[in-house]
Each structure stands twice: as C-alpha cells, then as structure tokens.
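Me: Could you take a close look at one part of this model for me, the open sheet in chain B and the helices lying on it? I would also be glad of a short tour of whatever else stands out.

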Amino acid sequence: MPTVTMNVNGNSVSAEVESRTLLVQFLRESLRLTGTHIGCDTSQCGACVVHVDGKSIKSCTMLAVMADGCDVATIEGLASEGKMHSMQQAFMDNHGLQCGFCTPGMVMSALDIVKRNGHKLDEATVRKELEGNICRCTGYHNIVKSIQAGAKAMGD
Amino acid sequence: MVENGIGASVRRKEDNRFLIGKGNYTDDINVAGQSYACFVRSPHAHATINSIDTTAASASLGVIAVFTGDELAADGIGPLICGVTVTSDDGEPHRAPLHPALAQGKVNYVGDHVAVVIAETYAQARDAAEKVDVDYGLLAAVTDTGSAADEGQPQIHEVAPNNMCFNWPFGDKDAVETAFAAAHKISRLELVNNRMVTNPMEPRAALGDYNEGTEEITLYLTTQNPHVHRLVLSAFNQLAPEHKLRIVGPDVGGGFGAKIFVYAEELVVGWACRKVKRPVKWTSDRTEAFLSDAHGRDHVATAEMALDENGKFLAMRVMTQANLGAYLSTFSTMVPSYLYAFLLAGQYTTPLIYSEVKAVFTNTAPVDACRGAGRPEATYLLERLVDVAAADMGLDPGEIRRRNFIPLDAFPYQTPVVQCYDSGDYETALDKALLLANYAGFSARAAEAKGRGKLRGIGLSSYVEACGIAPSAAVGQLGAGVGLWESAQVRFNPTGNVQVFTGTHSHGQGHETTFAQLVTEQLGVPFENIEVIHGDTAKTQFGMGTYGSRSLAVGGVAIAKACEKLIAKGKKIAAHALEAAEGDIEFGNGNFSVAGTDKAMNIAEVAFNAYVPHSYPEGLEPGFDENAFFDPLNFSFPAGTHVCEVEVDPETGVVEIVKYSAVDDFGKLVNPMIVEGQVHGGVVHGIGQALLEGCRYDSEGQLITASYMDYAMPRADNVPSFDVDYAPTNPPHNPLGVKGCGEAGAIAAPPAVINAIVNALGVKHIDMPATPENVWRAAQAAA
C-alpha cells in the first residue's frame, strides 16, 4: 500500500492507505477528523469541502494519494485558541445552521467565496457561488446572511 | 422578560460543536474491533429469487460473514411492521404483506434487501457483495400510482388482490351528492402530488455493538425517535428484550420524517453484531438512500367543489389514489388516510366533505411520512381547487378565501372531518400576508414585467395543519399501535445546575436551546447552567420522539409540568428552611420567598438542601429531580397565509420566485430566530416539491432519479430570501400556548408557488414539479 504524507491543519501526518482511498475517507477514518462529512457520492452536495493548498475542493472527489505532499485545511483547523473564526461566528450569530451536517462544507466554501470575491458580497453572488453546497434544513436564507456577515467581519 | 427566556432569540447551544467540526453523528462513531456491512440489493423491481450462491463472496478477502433471509428467519428475527391500522371499506383491516428484512424468495423493488456481507473494511464488504450470485426470475413490474389497481396489472402480493392495500371512504357520500346536485357551480381539478425523496443531508447509518458480558446490544442509529425504535425492534422484530437493547441517536443530520421508521438495515445490523460477535457498521451512500429511504407523497387525485352563487363552498368531494410502495413502512398507512383526509376542510366552513382514498402497492420503495406527511397533499389539493373555484366564479383568490374562512368567533371549530380546530384568526393572517406581499401593487408589477417579456404571477395559500401530535386516546381509536404523549425529567444536581431529559429528539430543531429557554423562564436558573439531554435510551426515560411538529407543543409541556413539580416541592423545602408556612412561600425569578418579608432562598440552595437534607421537612423525600408526562387534549392547528410571486420567462420556462411572504400562527414563539429558520427551511422544501423535485421510476421499475445528478434538490440560487411575519392566536388547550412550526412551510408553499405560476401563465393547472420544460410546454399551449 502506498504511503501518503500531508500537512493537515498544520500537523504533518503520514499513513499507509489503499490507493483507492478517497481523501475524505483518509481524513475521517485514518485521522478521525470527522468534521468533514459525506453527503453524496457524486460531488454534488459539498458536505466534504476542504482546502487543499489553499484551494477549495470536494474531498470525496480526490484520492488521498493525490494530496500527498499537500497542505490540507479542514473545519477542525479554523478555530484558534478556543476562539471561532469570524466565519464560524457569523454562522452562529445568524442561525446559519440547523442539523449541522452540511455546515462544515458550507463554512469551508464560504471562506473560498470570500477569498475569490472579497469582503463585500451581494446576495446574488453568494447564492450563485453556493450552487455546489446543498442544505435541506435552512432554506439558505440564513446561510446567505451568515456568509455576507462573515465576509464583512473578516475584512474589518 | 427573563434573560434568555421565552421570546428571546437566543443563539443556539448546539452550534459550537457543529461549527468546529465536533458534531457526533452516527458515522462519526467508531468502536474498537468494528467491522463493516454492505447490503446486496435487488437490481430488479419484481423478481423471484431462485437461488443465492454466497460461496465466492464468503471466500473474498476480509469477509467475516454473508447472511441471507434464511439465517435471519432461522433466528426468528423480523418481519418489519406497520404500526397503524386502517379499516378498508370491506370492514377488514388494510392488507399487510410480509415484509422481511432480508428477502425470502422474492424481491419487490429495486434496492430491496437480498443479503448482507460483513467484512473487515467497507471496501472489502462492497467488493464481496458484488460476488454474491443471485439467480432471479424476472416478473413484470407495476410502478404507476393511478393504474396500479387496474385489471390485468402484475400482482405483487398474494394477500393484496389488485395491489390494493385499502380503500378508505370517509364522510357522508349521499349528503355530498345531494349538495352537488343543487350547486350553482362545480369546480373540478385532477392533480398529481409528486413523489419526493426526503433527503436529509446525513445519510442513514447504523452501528451495532453487542456486549457478550451483559448480553446487551447498543445500536447507534440515525433516528428521530430512539425509544420507538427500541420498542419496535424489541416487541415486534424480536431483536432483543427492551432492557437489553440500547438505542443511541446521537447528533442526527436532519430527518424530515425519513428517520422515524424502522428499516431493514437497522434490524440486520443489530442482529448481525451479535451473530458475528463484532461491532458492525453500515452507512448508506446517497444512491442507497434514494433506493431505500422511505419516499414521500405520490398521490393522484380528483377534487371537486360545489359552490353557491356567492362563491360559498357547499360541499367537497375528493377521490385519491395513494402509492404506498412495495411494502408498508412503519407509519405508512396513516399518512394518506388520517393525516390527509382529516385536513381537507382547510380554513373553510365547507359543511360537507366526502373523501375516498385507495392505497395501492407498487414495485417501488416504501412510501411514508415526509415533512408534513399527508397535510401537504391535502393542502395542495384544497388550495389549488380553491383557486380553480375562484377563477370559475370570477372572484379574486383572496376574496373567495375570505368568504369561506371559519370566522374568529367560531373557535373552537368542529370540522366535518373529525378535527376540532383549537384557535385561529385566518382573516388577520390573510390581511397581513397581502400587505407584506404588497398584493395591491401586483398589477403594476405584472405590467412592468410584461414590458420586459416576462410573465408575472401571484399565488396564495391559506393552510391549516394538525400537529402537536397527538392525543393518545384519539390516535388509539384510529388504529395507532402507540400513544403519543411525551415525557420529561428535570434534574437539579446538588451544585444547582440542571439536566433536562426529554423524550423528543433534536435533529436540527434546536431543542437544546429552546427547552433550556423554557426552564430558565420557569425556574430562573441561568441559561448556561441548563443542559438538555436526548437521544439515548440509556439516559432518558421512555419518550415518543420528534415528528409531526410535536416537540415543543407536547414535549415542551412535559418539561413545564416537571418544573411545576419542582416548584411545588421546593416550596415545602423552602418553608422548612425559612421557618414559614408552605402557603406563604412564593416563587419567582429563581427565588422562594416568604410573602411580605425579605426572607428568601434561591432554587439552587433549595436543591442543595434536598440533596443534603440535614434539616428537612419531615416525611419529604430527598432529592430535587422530577419527571412528568404530557398527553395533549387535542392536536394543535398552526395556520396562515403564504403569498408567492413569480416571474416566468416564456422563452425558457424558467420560473424565478421574486418574492415570498409568509404569515403564520404558531401560537407563542419561544425562540423567534429558530422559528423563522424553520419557516425558511420548510418553505424551501415546499418550493423544491413545486419546482424541482420529482422522484421517477421507469415502467420497468428502475429508479431513474437515484443521485443528486438526476434528482434536483433546491439550491441557494433556486430560491429567494423570505419575508416572514406572524398572526398568533392562543390555543386554549396547550398550557404553553404553542402550536409547532417545523412543517408549516412545506405544507403551505407548494400551492402558493403553483397558484402563482398558473396565474402567470393564465392556465387552469400545471402539475408539480413545474420544471422549465413543463412550464415552457404549458406556456406554449396557452399562447
């Protein structure tokens, strides 16, 4: 079995994996980083979004071996010293989550949206950018508000 | 207002763990020595099983065991059951075919469970599952709801001739016919309520762990009702005695009904972990979820309204055919019957209603409750029919509703279809909704849109639903196998903090926050010192779980009653400590005080006294920990009016929802932020049904919408932001004055959306989902 080495949330990790192991399986099963979720098998729902070398990707669509040598950021790495990231805080303040299952993917996608579109986000931009993330609970209204507020807070 | 008490939009207690990636969903749980299950599923909709050869699978790398229905039956496990009886028109109970957890000689839908492979890793289990060799004898399949009971169709179950589960008439047929004969006008509509796949974002999962020492099975499950699961798995499926079966429903990623039911995979995993003496985990992938989660809706119906010359409703007649799928899921029979026909009066004074529901079997996945369950089907039919009647009479849709509303002074109102509505002010809700939607300004907006080549339409939906499910005696009379009370335990610890144990289950609704608000309001304990615990049969007392928008209206009242008991006991303790008569003790803001004096003690001090009863009332039990059960006297009846405004592009058929306004009566709101979130989510579920979602089987029974590539879930760019307001009334039978809010949006939205599209296109009707193709065709036909 191949060995993969990557930097996950600032920690270097190394493990043997089957070559067919998906990055999301590696994160969840080998590293027990279960904050990244699996909601579908067709790269549609976005529950598994993480950042690889600073780029937002669906970790169900990438083999673990493809992330060899990469920097990977997951939802678990966002808060620092017990303080939530501004985007996480914005989701809490705006009731941007209900069951919480899609939430890690939403937050990781939100950060990518801010990175590419800046801190002043209009509703239409956020809605268009979120087309790769499905939520069944919130009706998106408060997720959109959360991302706009989080983007603004990150710029302040 | 008490800080963080009733009426405050408190930030949610549960959010921190979800936001930092520390939620604890079933698939996140791992037990030492865990193995993995993969199910072998039927690729055919209807077939006999001639033989199953497991030799190659058993020899496959990492395989621990392969089981078929034979092993399950030999151990006396199963079959799966349906818990509600509906009496058919021949006086016999509904036809209930055998529902084995692993097939016995026959499969009846694509995805039906044939065998299970257990292996060291999931990949190995999946590899081996492909090596299970099943010899099928193909049979013709039937999938179409409307024609399943027709002569000459393939027969699925011997016990159900013509694929009929039941034919359930309700109401005075002759009186309705007489009213129709004398009517000024009869409005008529044929419509389909499209089949949905419920699709909580967390797929179902089960992890079974058998302890040989204690002979106890612990089953971690994606469940909305851990004790109901335990009861059914124990009493009816023979998995283990209740006291040797622990169900843990940890964080659950959405339910919407789909996680109420007892599924084959759950029973098989629970049984297999004892059989192989290893923990066994199964997690559904999304295609398995499409194939085997219980689906929702799937009706075809004809609805007729008899009207007088003033547009008053005289009588209604509804003929419905409902698809129950290949087998009866846990509560399936009650959805198109009691939860449907008993809501057909809606907000109106229609004095006579006759309904006939034919429920049929087809070679499709079982159909059961999906957010709203029966009530969306009733509301869609009624609110579409009302708009057709308005058009037939030349009346404004708002005006015909107003002429037929149950008036404010008529509550409590006995409808002709069993339900007695608690409270409502339908006209105020309509007025507020029309104002919120700027209904008066619509024609100007439509004219402006026309200038841009767009068709603008506006649609109303005035709904009522029955939730706060349910009075036990009433549901017992109807044939339910359970009572639908709820339980609570409120426990002070010696240091003064509080644990609230509820029999409900939160899977997104925010109970940990809302219920803590109830307790802080009532007992004056700081919000942060209250923890709400649910979802584990080893921790909480028996409870009925969460569905039917019942958690606050039933479970919340149980909590309030337990708090009342604590206050009553606390008065005795405080009276003793403060050397006063019990009758002189008053309680408020967390303090027991002697009336007219400054002598007082905090409830935390009282709790400490109860656990360290050195100086204590004679004969009083130590401890400060009370439980309560609440069986509601009636359902609760949330209601309101939603207004949807759309713009249709006649060139492409694309519908854009440009404005959506909701005015609801949920009674008193405990956490308005959470309630508004429930409205948003429910409305989008309804918009999904109206515009996007359609579960399709082909004529051979293959599911052709089995992934998110093929089944259109509503996404952020399909829906607008919402304008939400309230028109509350006070339900007299509910001690908290609350009604329930979780399903209202999914009930109200579909007719509001379709009424708007029909208005835009100037057509009589369009079936859901109103996809661009369907809308374009309708626009072309109308042009």
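Reply: Happy to help; the sheet comes first, and the other features follow. This is a predicted model, in which local features need pLDDT of at least 70, side-chain atom pairs count only at pLDDT 80 or more, and totals for chains, interfaces and linings use all residues. Residues are numbered from 1 along each chain as its sequence is written, while chains are lettered from A and ligands numbered from 1 in the order in which they are written.

In chain B, seven strands make up an open sheet with mixed pairing, in the order β3-β5-β1-β13-β10-β11-β12. Helices (H or I, at least four residues) and strands (E, at least two) are DSSP runs, numbered from the N terminus, and two strands pair if DSSP finds at least two bridges between them. At the edges are β3 (63-68) and β12 (245-248) of chain B, each pairing on one side only. From one strand to the next, the twist averages 20°. Axes here are lines fitted to C-alpha atoms, for helices over the stretch in contact, and angles run from 0 to 180 degrees between N-to-C directions.

Within this sheet, β10 (residues 205-211) and β11 (residues 216-221) of chain B are antiparallel partners over six bridges. If you would like one pair to find on screen, D209(B) has T218(B) in β11(B) as its bridge partner.

Now for the helices. Helix α4 (residues 122-129) of chain B lies across β1 (35-41), β3 and β5 (113-119) of chain B, and runs at about 25° to β1(B). Helix α6 (residues 226-235) of chain B lies across β11 and β12 of chain B, at about 145° to β12(B). Contact means that the C-beta atoms of two residues, placed from the backbone, lie within 7 Å.

Further along chain B is a pair of helices. The axes of α16 (residues 551-577) and α17 (residues 603-611) of chain B come within 10 Å and cross at roughly 85°. The two helices α16(B) and α17(B) are therefore roughly perpendicular, a term for angles of 65 to 115 degrees. On α16(B) the contact is made by G570(B), I573(B), A574(B) and A577(B), and on α17(B) by I603(B), V606(B), N609(B) and A610(B). By class, this contact has six nonpolar, two polar and no charged residues. Ala, Val, Leu, Ile, Met, Phe, Trp, Tyr, Cys and Pro count as nonpolar, Asp, Glu, Lys and Arg as charged, and the others, Gly among them, as polar.

Some backbone details also deserve a look. Most residues other than glycine have a negative phi, and most peptide bonds are trans. D298(B) is not a glycine, yet its phi is positive, about 70°. D298(B) sits in the loop between β14 (295-296) and β15 (299-307) of chain B, and is buried, with 24 other C-beta atoms within 10 Å; buried means 20 or more such atoms. The peptide bond from F411(B) to P412(B) is cis, with omega near -5°, and P412(B) lies in the loop between α11 (397-404) and β18 (413-414) of chain B. Another cis peptide bond joins I469(B) and A470(B), with omega about 0°. A470(B) is found in the loop between β20 (455-464) and α14 (472-478) of chain B.

Key: Angles under 35 degrees count as roughly parallel, over 145 as roughly antiparallel, 65 to 115 as roughly perpendicular and the rest as oblique. A residue is buried if 20 or more other C-beta atoms lie within 10 Å of its own, exposed if 12 or fewer, and partly exposed in between; C-beta atoms are placed from the backbone.
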